[in-house]
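Visitor: Before I start poking at this thing, please show me what we're looking at. I'd also like you to back up every label you use.

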Amino acid sequence: SLTNIVNPLSTGESFYAYIPGQTMAWNENFTFANGTTVDNGSTAWSITAGTPAPATASVQGNAFQLTGADNGSQTWTSQVINIASITAGANVSVNLTEAGTLEATDSLMVYYSLNGGPLIPFTTNGIITDDFGNAIASQTGLIGATIRIVIKVHYSATSPTSEVYTFDNVSVFANDFVDNSNPTFTLFPPL
């Protein structure tokens, strides 16, 4: 929301706008030093390496990045997130990208566990294989007390380190999008 911007460069007098949005319950945007492999803070998460592990799995450039290795696998797990107060349902999303030439047996899987239950793939882009560029994995309308997000990566038997999966903006937010509040604009500069 912006209000009463007085004399911006002497060309206008005031401006008001309400930008609608949703209530964010939990968001991990990986603003950590490169090489970070755990977060014990307010948006806690951890990783578990498979056997074998990928060549690398850590924060790189404010996103979580994994580089290929033959049959490498890794699991990223969020803390248990309280969604009991989100009575209209929680929406969950994760931004996904890939680079390199991935094979049909390379996979990136995004799951949620509601109230400590089984892992369920997100309905939109929950399981992605091979090359896909950019995608958003999402799930909407989850009602419960808690949710946990789990992201699993698996590389094929012939995956070089040039194959990269990256994810970012792991978000849990209320299904409460608010309509615009009739913005007003006054005293525009002359054209």
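Visitor: Why does Tyr155 count as buried?
Guide: Here, buried means under 20% relative accessible area, exposed means over 50%, and partly exposed is in between (1.4 Å probe, protein chains only). Tyr155 has a relative accessible area of 0%, so it is buried. Tyr165 also has 0%, so buried is the word for Tyr165 too.

Visitor: Hang on, where do these values come from?
Guide: From a predicted model: local features need pLDDT of at least 70 and side-chain atom pairs pLDDT 80 or more, while totals for chains, interfaces and linings use all residues. Residues are numbered from 1 along each chain as its sequence is written, and side-chain values use heavy atoms, leaving out hydrogens and water.

Visitor: How many aromatic pairs are there?
Guide: Searching the whole structure gives 12 aromatic pairs. Take Phe30 and Phe64: their ring centres are 5.9 Å apart and their planes meet at 50°, so this pair is tilted. Phe30 is in the loop between β2 (24–28) and β3 (45–49), while Phe64 is in strand β5 (residues 64–67), so the pair links parts of the chain 34 residues apart. Strands are DSSP runs of E with at least two residues, helices are runs of H or I with at least four, and both are numbered from the N terminus.

Visitor: What makes the Phe30 and Phe64 pair "tilted"?
Guide: Rings of Phe, Tyr and Trp (its six-membered ring) pair if their centres lie within 6.5 Å; planes under 30 degrees apart are stacked, over 60 edge-to-face, and the rest tilted. The 5.9 Å passes the distance test and the 50° falls among "the rest", so tilted it is.

Visitor: Are Phe30 and Phe64 buried or exposed?
Guide: Phe30 has 0% relative accessibility, so it counts as buried. Phe64 sits at 1%, so Phe64 is buried as well.

Visitor: How do you know that Tyr155 and Tyr165 form an aromatic pair?
Guide: Their centres are 5.5 Å apart, within the limit, and 35° between the planes makes this a tilted pair. Tyr155 is in the loop between β13 (146–154) and β14 (164–174), and Tyr165 is in strand β14, 10 residues apart.

Visitor: Which residues form one aromatic cluster?
Guide: Phe30, Phe32, Trp45, Phe64, Trp76 and Phe167. Trp76 and Phe167 also touch the most other members of the largest nonpolar core, which has 35 residues. The largest share of this core, five residues, comes from β14.

Visitor: What makes a set of residues a nonpolar core?
Guide: They must be buried Ala, Val, Leu, Ile, Met, Phe, Trp, Tyr or Cys, joined through side-chain atoms within 4.5 Å. In soluble globular proteins, nonpolar side chains tend to be buried together.

Visitor: Which residues does Trp76 touch?
Guide: Not counting residues up to four places away in sequence, the list includes Trp26, Phe30, Trp45, Phe64 and Phe167. Contact means heavy atoms within 4.5 Å.

Visitor: What joins the side chains of Asn91 and Asn175?
Guide: A polar contact of 3.3 Å. The rule asks for N or O atoms within 3.5 Å, one able to donate a hydrogen and the other to accept it within protein, and neighbours in sequence count only if both atoms are side-chain atoms. Asn91 lies in strand β8, and at 6% relative accessibility it counts as buried.

Visitor: Why is Asn62 called partly exposed?
Guide: Its relative accessible area is 39%, so it falls between the two cut-offs. Asn62 also has a positive phi of about 60° although it is not a glycine. Asn169, in strand β14, has a positive phi too, near 50°, and its 27% makes it partly exposed.

Visitor: What makes β7 and β13 a pair?
Guide: Two strands pair if DSSP finds at least two bridges between them. Two bridges join β7 (residues 81–82) to β13, so they pair, and they run antiparallel. β9 and β13 pair in the antiparallel sense over eight bridges, with Val150 as the bridge partner of Tyr111. β6 (residues 73–78) is joined to β13 by five bridges, also antiparallel, and there Thr77 stands opposite Val150.

Visitor: How many helices and strands are in the chain?
Guide: Zero helices and 15 strands.
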